[in-house]
Amino acid sequence: MVGSAPILETRKLTRFFGPVRVTGDVDFALHPGERRAIIGPNGAGKTTFVNLLSGRLAPSSGQVLLAGQNVTAMSEAGRIKQGMGRTFQITSLFPNLSVRKNVFLAVAEHEGVAWSMFRSAAAHRDQFERVDELLGRVGLADVAEVKAQDLPYGRQRLLEIAVALALRPKVLLLDEPAAGIPTSESHIILSILDTLPKDIAVLLIDHDMDLVFRFAQRITVLVQGSIMVEGTPAEIAANERVRKIYLGESDHAAA
Ligand SMILES: Nc1ncnc2c1ncn2[C@@H]1O[C@H](COP(=O)(O)OP(=O)(O)OP(=O)(O)O)[C@@H](O)[C@H]1O
């Protein structure tokens, strides 16, 4: 990773809401295949930062670069086409369609294949194989025919990951994939994250510190919209300022 060009980068990225600076002068770089987490106290600006990366929000100033290309003015849809994958806290699934159909539509969209009721199954064989592979990867093969809306919330989050992967992202932004999942089950998310293709850079935001510290190779700590410190999980766990400001008294010795 050292020496490789960043796949995702921000330069002096800044966002105001009215008079309040919620993101301030953020210089950030994520490298191909990296496993990174962003942590910070409530209101630190984590979700705003991800929204600026994905194009959901426009910055007040500064730049976002994806694979070296300045995408600051590009729409969210445009960035997805360029390889910026994302899961959403608010689900973006088709609730009435089956798990399999949700993933199929994403695969077909990515490959530019128009879905037709009148097409033979054989014509879609490659897409069906890809759908099966993705369902297996996120552990949803056994519920492939269940409607998305009938899945427990945690498994809907897994389906979102499958849909995001169907678009073959270079970068995957995961905003609270473990939200709504009991802490005792967050290891399921971790094991899915472990199976993600190694060439995809993954940026995780989550409040589950066990998940964050087990997942990340590096952690970026955001405080009041700016990067306070970056480092390995061991460095962050040992950082006095982080412990005081964010982790408090709890001990998250890097697992
Ligand atoms: N659309 C908006 N309009 C005005 N203020 C906003 C808006 N969105 C977020 N904020 C403010 O920006 C700050 C950062 O919010 P953000 O949701 O990005 O933080 P966060 O670190 O993701 O918080 P949490 O950990 O609680 O999810 C907060 O003070 C929030 O109230």
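In which sense do strand 3 and strand 9 pair, and over how many bridges? They go parallel, with four bridges between strand 3 (residues 35-39) and strand 9 (residues 218-223). What you have here is a predicted model, where local features need pLDDT of at least 70, side-chain atom pairs count only at pLDDT 80 or more, and totals for chains, interfaces and linings use all residues. Numbering starts from 1 along each chain as its sequence is written.

**View 1. An open sheet holds six strands in the order 6-7-8-3-9-10.** Helices (H or I, at least four residues) and strands (E, at least two) are DSSP runs numbered from the N terminus, and strands pair if DSSP finds at least two bridges between them. The pairing in this sheet is mixed. Strand 6 (84-87) and strand 10 (226-231) are the edges, each pairing on one side only. On average, neighbouring strands are turned by 20° against each other, direction ignored; axes are lines fitted to C-alpha atoms, for helices over the stretch in contact, and angles run from 0 to 180 degrees between N-to-C directions. Across the pair of strand 3 and strand 9, Ile39 sits opposite Val221.

**View 2. Strand 1 (residues 8-17) and strand 2 (residues 20-30) make a hairpin.** The two run antiparallel, joined by seven bridges. Arg15 has Thr23 of strand 2 as its bridge partner. Two residues lie between the strands, and Gly18 takes a positive phi near 60°.

**View 3. Ten residues' worth of names belong to the ligand shell, among them Phe17, Val22, Gly40 and Asn42.** Also in the shell are Gly43, Ala44, Gly45, Lys46, Thr47 and Thr48; to be near, a residue needs its C-beta atom, placed from the backbone, within 6 Å. Helix 1 (residues 46-54) gives the largest share, three residues. By type, the shell has three nonpolar, six polar and one charged; Ala, Val, Leu, Ile, Met, Phe, Trp, Tyr, Cys and Pro are nonpolar, Asp, Glu, Lys and Arg charged, and the others, Gly among them, polar.

**View 4. Helix 5 (residues 153-166) lies across strand 6 and strand 7 (171-175).** Helix 5 runs at about 170° to strand 6. Of its 14 residues, 10 are buried, meaning 20 or more other C-beta atoms within 10 Å of their own (exposed is 12 or fewer, partly exposed in between; C-beta atoms are placed from the backbone). Among the buried ones are Arg157, Leu158 and Glu160. Their cover includes helix 3 (99-111) and helix 4 (125-137), with contact set at C-beta atoms within 7 Å. Just after helix 5 comes Arg168, with a positive phi near 45°.

Terms used:
Contact = placed C-beta atoms within 7 Å.
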